[in-house]
Amino acid sequence: MSFYRWDGEDLLLDCHLQPKASRDEFAGLHGERLKIRLTAPPVEGKANAHLLKFLAEAFGVAKSQVRLESGELNRQKRVRIQAPKHLPAELGIASPR
């Protein structure tokens with residue numbers, strides 16, 4: 001199993017979030033999930049909003065094309081990225097084409 005899968009043109013990511021980190025970054029794997037460190041605190045949805053913005057920038061899409069599918073109140077999250085324009089090399093994600 002992998003931390004990602006393709007659903008047509010959309011990319012689904014299974015993530016493990018570490019809020020209140022010193023910087024925003026992809027941090028390898030945490031079990032079967034992609035570990036993402038974020039500077040935002042886990043209060044009032046700030047970490048979730050920051051995650052969506054971080055992923056939008058990393059994958060070259062608008063924030064409206066990144067949606068939290070599950071895990072709103074949890075560190076374990078599933079995120080849908082609609083038709084990503086860029087696949088960060090450090091993640092090793094294979095294109096669906």
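Here is a walk through this fold, from its overall layout to its core and its salt bridges.

Keep in mind that this is a predicted model, so everything below is computed from predicted coordinates. Let's start with the layout. The chain has 1 helix and 6 strands, and reading from the N terminus the order is β-β-β-β-α-β-β. The radius of gyration comes out at 12 Å, close to the 13 Å that the globule rule gives for 97 residues, so the chain is as compact as a globular protein of that length. If you lay a box along the principal axes, the C-alpha atoms fill roughly 40 × 30 × 20 Å.

A few whole-chain totals help set the scene. Of the 97 residues, 39% count as buried. Take the contacts with a separation of 6 or more: 46% of them join residues 24 or more positions apart. As for the surface, the chain exposes about 5,600 Å², and carbon and sulfur atoms supply 48% of that.

Next come the strand pairings. Strand β1, residues 4-7, pairs with β2 in the antiparallel sense over 4 bridges. Within that pairing, R5 sits opposite L12 of β2. The hairpin these two strands make has 2 residues between the strands, and G8 there takes a positive phi near 70 degrees. Further along, strand β5 (residues 66-70) and β6 are also antiparallel, pairing over 4 bridges. Here R67 has R80 in β6 as its bridge partner. The β5 and β6 hairpin has 5 residues between the strands, and in this one G71 takes a positive phi near 90 degrees. Hold on to R67 and R80, since both turn up again among the salt bridges.

Now for the inside. In soluble globular proteins, nonpolar side chains tend to be buried together. The largest nonpolar core in this model has 23 residues, and the members that touch the most others are L13, F26, I36, L55, F59, I81 and I93. Four elements each supply at least two residues of this core: β2 (10-18), β4 (33-37), α1 (46-59) and β6 (76-81). The helix α1 gives the most, with 7 residues.

L55 is a good place to put your viewer's centre. Leaving aside neighbours within four places in sequence, L55 is in contact with L13, F26, I36, V66, V79 and I81. Four of the well-connected core members, L13, F26, I36 and I81, appear in that contact list.

L11 in strand β2 is another one to click on. L11 has a relative accessible area of 0%, so it counts as buried. Beyond four places in sequence, its contacts are Y4, R5, W6, F59, V79, R80, I81, P84, L87 and I93. Compare the sequence and space separations for L11 and V66: they are 55 residues apart in sequence and 9.6 Å apart in space, C-alpha to C-alpha.

What about a polar residue on the helix? N48 is found in α1, and at 12% relative accessibility N48 is below the 20% cut-off, so it counts as buried. Leaving out neighbours within four places, N48 is in contact with L68, E72 and K77.

That leaves the charged pairs. The structure holds 7 salt bridges. One of them joins D10 and R80, with the closest N and O atoms 3.0 Å apart. D10 lies in strand β2 and R80 in strand β6, so this pair ties together parts that are 70 residues apart in sequence. Are the two partners buried or exposed? D10 is buried at 17% relative accessible area, and R80 is buried too, at 11%.

The bridge between E69 and R67 also has its closest N and O atoms 3.0 Å apart, but the setting is another one: E69 is partly exposed at 34%, and R67 is partly exposed at 40%. These pairs belong to a network of salt bridges that links D7, D10, R67, E69 and R80. Elsewhere, the side chains of E25 and R23 meet in a salt bridge, 3.0 Å from N to O. There E25 is buried, with a relative accessible area of 18%.

Key:
Residues numbered from 1 in each chain as written. Predicted model: local features only at pLDDT ≥ 70, side-chain atom pairs only at ≥ 80, totals over all residues. Heavy atoms only, no water. Core = buried A, V, L, I, M, F, W, Y, C linked by side-chain atoms within 4.5 Å. Buried < 20%, exposed > 50% of the residue type's maximum accessible area, 1.4 Å probe, protein only. Contact = heavy atoms within 4.5 Å. Salt bridge = Lys/Arg side-chain N within 4 Å of Asp/Glu carboxyl O. Pairing = 2+ DSSP bridges. Rg over C-alpha atoms; globule rule 2.2 N^0.38 Å. Areas by Shrake-Rupley, 256 points an atom, 1.4 Å probe, with all protein chains shown as cover.
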